[in-house]
Amino acid sequence: MTDAVQPKPVVNESSFVTLHYRIRLAESQQVIVSTFEDKPATLSIGAGQLAEGLERCLFGMQAGQRDIFTLPAGSGYGDTNPDLYRPVSKALLSKYAEEGTKFEPGEFVHFPAPDGGQFAGTVVEEREDDILFDFNHPLAGKALTFEVQLIGVL
């Protein structure tokens, strides 16, 4: 009597996965993040640990698989939302931002919110009374290359 071979589990909407991954800007191939040189990541699909567009690439993959996905602009981290370009008064920033924080155009900065939370955004421009921030995810609206080596699936 032979034992039946159990099919390998595949990634779905509720999987727990261990993987190496690399995210690059598709246009320049600049590496944004990579776990290949360090410990693999362990993530719960659907928990917001990885962008939904990237998670969808994993669906149907099995442990041991390696693949590279090209995601068109907006597919990985969503489209750029123009409503997330918001001014923040210099008075508010001077009150809540850490002393010495620089607000140079193009810089991605974190600063405390009045309610105790955190703001994170890219400085667009400094104006007379405020600074215009882009509070979209820095990869929103960008075409990406997503390389994955799936190690385990539960």
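This short talk describes the fold of one protein chain and then turns to its salt bridges and a few individual residues.

Good morning, colleagues. The structure before you is a predicted model, and everything I report is computed from its coordinates.

I begin with the overall architecture. The protein chain contains two helices and nine strands. Read from the N terminus, the order of the elements is β-β-β-α-β-β-α-β-β-β-β. The C-alpha trace extends over about 80 × 35 × 30 Å along its principal axes. The radius of gyration of the protein chain is 20 Å, whereas a compact globule of 154 residues would have one near 15 Å. As for burial, 33% of the 154 residues count as buried. The exposed surface amounts to about 9,600 Å², and 50% of it comes from carbon and sulfur atoms. If we consider contacts between residues at least 6 apart in sequence, 63% of them join residues at least 24 apart.

Let me now turn to the strands. S1 and S3 pair in the antiparallel sense, over four bridges. In this arrangement, phenylalanine 16 stands opposite serine 44 of S3. Strand S3 itself has two faces: Ala41 and Leu43 make up the covered one, while Thr42 and Ser44 make up the uncovered one.

The next topic is charge. Side chains of opposite charge can pair when their charged atoms come close. How many salt bridges does the structure hold? There are seven, and I shall discuss some of them in turn.

One of the seven involves arginine 22, which lies in strand S1. The side chain of arginine 22 meets that of glutamate 37 in a salt bridge, with an N to O distance of 3.3 Å. This pair links distant parts of the chain: arginine 22 belongs to S1, residues 16-25, and glutamate 37 sits in the loop between S2 (31-34) and S3 (41-44), with their positions 15 residues apart in sequence. Are the two partners buried or exposed? Glutamate 37 is exposed, because its relative accessible area is 61% and the threshold for that class is over 50%. Arginine 22 has a relative accessible area of 12%, which is under 20%, and therefore counts as buried.

Arginine 22 has further polar partners. Its side chain makes a polar contact of 2.7 Å with the side chain of glutamate 147, and another, of 3.3 Å, with the side chain of serine 34. Leaving aside residues up to four places away in sequence, arginine 22 touches Val31, Val33, Ser34, Phe36, Glu37, Thr145, Phe146 and Glu147.

A second salt bridge joins the side chains of glutamate 126 and lysine 90, at 2.7 Å from N to O. Here too the pair links distant parts of the chain, 36 residues apart: glutamate 126 is in strand S7, residues 118-126, and lysine 90 is in helix H2, residues 90-96. Lysine 90 is partly exposed, with a relative accessible area of 27%.

A further salt bridge is formed by arginine 127 and aspartate 130, whose closest N and O atoms are 2.8 Å apart. Arginine 127 is partly exposed, at 32% relative accessible area, whereas aspartate 130 is buried, at 17%. Elsewhere, salt bridges with shared partners join Arg22, Glu37, Arg66 and Glu147 into one network.

I close with two individual residues. Where is glutamine 29 placed? Glutamine 29 occupies the loop between S1 and S2. Most residues other than glycine have a negative phi. Glutamine 29, although not a glycine, has a positive phi of about 65 degrees. Its relative accessible area is 35%, so glutamine 29 is partly exposed.

The other residue is threonine 70, found in strand S4, residues 66-71. Threonine 70 is exposed, because its relative accessible area of 62% is over 50%. Between threonine 70 and leucine 150 the C-alpha to C-alpha distance is 17 Å, and the two are 80 residues apart in sequence.

To restate the main points: the chain combines two helices with nine strands, the structure holds seven salt bridges, and Arg22 shares one network with Glu37, Arg66 and Glu147. Thank you for your attention.

Conventions: Residues are numbered from 1 along each chain as its sequence is written. This is a predicted model: local features need pLDDT of at least 70, side-chain atom pairs count only at pLDDT 80 or more; totals for chains, interfaces and linings use all residues. Side-chain values use heavy atoms; hydrogens and water are left out. A salt bridge is a side-chain nitrogen of Lys or Arg within 4 Å of a carboxyl oxygen of Asp or Glu. Buried means under 20% relative accessible area, exposed over 50%, partly exposed in between (1.4 Å probe, protein chains only). Two strands pair if DSSP finds at least two bridges between them. A polar contact is a pair of N or O atoms within 3.5 Å; within protein, one must be able to donate a hydrogen and the other to accept it, and residues adjacent in sequence count only if both atoms are side-chain atoms. Contact means heavy atoms within 4.5 Å. The radius of gyration is taken over C-alpha atoms; the globule rule is 2.2 Å times the number of residues to the power 0.38. Accessible areas come from the Shrake-Rupley method with a 1.4 Å probe; for residues, only the protein chains shown count as cover.
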